[in-house]
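Here is a small set of exercises to help you find your way around a new structure. Try each task with the model in front of you, then follow the worked solution.

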Amino acid sequence: MMPAAMNPDPLKGDTNPDCLLGSPQGVAGARSGQPVQLEPEATLQRSPDQSFGSRNDQSCLVQIYPADVVDGMLLIEKDELTIGREAGSDLMLSDTSVSRQHAVIRRTEAGFELEDLGSTNGTFIGGRPVTRVRLNSGDTIRFGSFLFKFLSAGSVESQYHETVYSALTRDALTGTMNKRYLLETLSRSIAAAVRQRQPVTVVMLDIDHFKSVNDTYGHLVGDEVLREFGRRVSTGCREDDLLARYGGEEFCLLLSATGAEEAFDVAERCRKAVCDQPFETAAGPLKITASFGFAVLNQEHSETGLELIHRADEKLYDAKRSGRNRVCGDGVA
């Protein structure tokens with residue numbers, strides 16, 4: 001099956017390619033103190049001579065979204081690092097969600113501080129809008145649609161590797177697991193389920209009319225909806241359920257040791273968590289719903305993970321065709 005994220009369909013709305021890790025792209029040899037140009041999908045790369053610990057007061061930024069490779073860091077060597085869309089910025093982010101002069105990071109006696117320069121879409125740390133604030137190691141900073149992790153001097157090496165590992169397994173925008181991690185875990189779960197003769201179920205879920213949200217309110221509001229969607233669905237999951245962003249506005253739930261009846265209950269609980277209350281966004285409260293489709297592993301036919309996902313995706317289509325905001329699956333009318 002071609003992944004739904006690469007196969008747009010009018011029933012399922014806007015589907016953007018999943019931000020998977022892939023071949024090195026973007027800006028190689030980026031250094032603070034020199035202009036750096038990034039395309040919307042670009043990634044900062046570590047310069048060959050930027051070894052850890054070359055200076056004991058160096059801090060850095062690691063780009064975590066959007067990213068297809070996390071292969072390095074941008075050392076902050078100047079006393080001021082300017083971020084913006086205009087040429088000449090120390091960190092140039094070529095995207096309309098970023099203002100021409102968006103923000104600046106300054107070195108002070110107490111450490112580094114971040115100041116928003118009156119940007120149109122704001123600067124955020126940990127999801128909170130900020131005007132001027134001292135940076136702490138591990139802070140996640142958002143400029144427009146870009147996310148960076150700030151790592152302070154003294155902890156760069158250990159936190160850098162932790163940040164890279166997180167980028168390898170998690171979707172930075174929503175905090176859910178990513179597609180690569182899902183597929184690897186699903187393969188192991190199927191093997192274990194066959195050995196133990198236990199059921200395993202995949203649930204595909206998709207935000208209804210998500211394209212209209214982006215078209216009407218813009219992609220930054222769409223990002224808000226995606227983050228809140230991931231949070232709400234997580235509240236309906238059990239402790240050992242795995243939630244992953246599959247691509248665009250489509251997510252996947254992996255339910256181990258779970259048959260059709262219990263899978264329906266989990267999916268229905270998640271559906272209600274999404275639609276019961278409007279989503280609070282910068283554009284005001286938005287009514288959001290989602291459709292769910294699930295399939296239980298067919299152990300008699302040596303079904304693969306992708307085949308199981310394909311069957312769950314077909315049930316998701318059934319939910320879309322029958323009116324959206326509902327659950328369809330094996331054994332469910």
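**Exercise 1: A loop with unusual angles**

Arginine 324 is found in the loop between helix H6 (305-321) and strand E21 (327-329). This is a predicted model, and the exercises below work through it piece by piece.

Task: describe the backbone and the surroundings of arginine 324 and asparagine 325.

Solution.
- Step 1. Begin with the backbone angle: phi of arginine 324 is near 65°, a positive value in a residue other than glycine.
- Step 2. Asparagine 325 lies in the loop between H6 and E21, and its phi is near 55°, again positive in a residue other than glycine.
- Step 3. Now turn to accessibility. Arginine 324 has 18% relative accessibility, so it counts as buried, where the cut-off is under 20%.
- Step 4. Asparagine 325, at 26% relative accessibility, counts as partly exposed.

**Exercise 2: How far to trust the model**

Task: find what the average pLDDT of the protein chain is, and which stretch has a pLDDT below 50.

Solution.
- Step 1. The protein chain averages a pLDDT of 81, and 76% of the residues score at least 70.
- Step 2. Residues 1-56 have a pLDDT below 50; this stretch still has 159 contacts in the model beyond near neighbours in sequence.
- Step 3. Where pLDDT is low, the predicted coordinates should not be read in detail.

**Exercise 3: The chain as a whole**

Task: say how many helices and strands the protein chain has, and what share of its residues is buried.

Solution.
- Step 1. The protein chain has six helices and 21 strands.
- Step 2. Of its 333 residues, 53% are buried.
- Step 3. Look at contacts between residues at least 6 apart in sequence: 60% of these join residues at least 24 apart.

**Exercise 4: An open sheet**

Task: work out which strands stand at the edges of the six-stranded open sheet.

Solution.
- Step 1. Write down the strand order, which is E5-E4-E14-E13-E10-E11, with antiparallel pairing.
- Step 2. Strand E5 (74-76) and strand E11 (128-130) stand at the edges; each has a single partner strand, so one side of each is left without a neighbour in the sheet.
- Step 3. From one strand to the next, the twist averages 35°.
- Step 4. Zoom in on one edge: strand E10 (residues 123-125) and E11 run antiparallel and are joined by three bridges. Phenylalanine 124 has proline 129 in E11 as its bridge partner.

**Exercise 5: Strand E17 and its partners**

Task: decide whether strand E17 is largely enclosed or left open, and trace its pairing with E15 and E16.

Solution.
- Step 1. Strand E17 covers residues 250-256, and six of its seven residues are buried, so it is largely enclosed by the rest of the structure.
- Step 2. Strand E15 (residues 200-207) pairs with E17 in the antiparallel sense over seven bridges. Here valine 202 has leucine 254 in E17 as its bridge partner.
- Step 3. Strand E16 (residues 242-247) also pairs with E17 in the antiparallel sense, over five bridges. Leucine 243 stands opposite leucine 253 in E17.
- Step 4. The hairpin of E16 and E17 has two residues between the strands, and glycine 248 takes a positive phi near 60° there.

**Exercise 6: Checking a helix**

Task: compare the expected span of helix H4 with the distance between its end C-alpha atoms.

Solution.
- Step 1. Helix H4 (residues 219-236) has 18 residues, and at 1.5 Å a residue it should span 26 Å.
- Step 2. The end C-alpha atoms of H4 are 26 Å apart, which agrees.
- Step 3. Several residues of H4 are buried, including Leu220, Val221, Phe229 and Val233.

**Exercise 7: One tyrosine in context**

Task: locate tyrosine 181 and list its contacts beyond four places in sequence.

Solution.
- Step 1. Tyrosine 181 lies in helix H2 (residues 179-196).
- Step 2. With a relative accessible area of 26%, tyrosine 181 is partly exposed.
- Step 3. Leaving aside neighbours within four places in sequence, tyrosine 181 is in contact with Thr169 and Leu242.
- Step 4. Tyrosine 181 and leucine 242 are 61 residues apart along the chain, yet their C-alpha atoms are separated by 9.9 Å.

Definitions and conventions. Residues numbered from 1 in each chain as written. Predicted model: local features only at pLDDT ≥ 70, side-chain atom pairs only at ≥ 80, totals over all residues. Heavy atoms only, no water. pLDDT = per-residue confidence, 0-100. Contact = heavy atoms within 4.5 Å. Helix = DSSP H or I, 4+ residues; strand = E, 2+ residues; numbered from the N terminus. Buried < 20%, exposed > 50% of the residue type's maximum accessible area, 1.4 Å probe, protein only. Pairing = 2+ DSSP bridges. Axes fitted to C-alpha atoms, helices over the stretch in contact; angles between N-to-C directions. Expected span 1.5 Å × (residues − 1).
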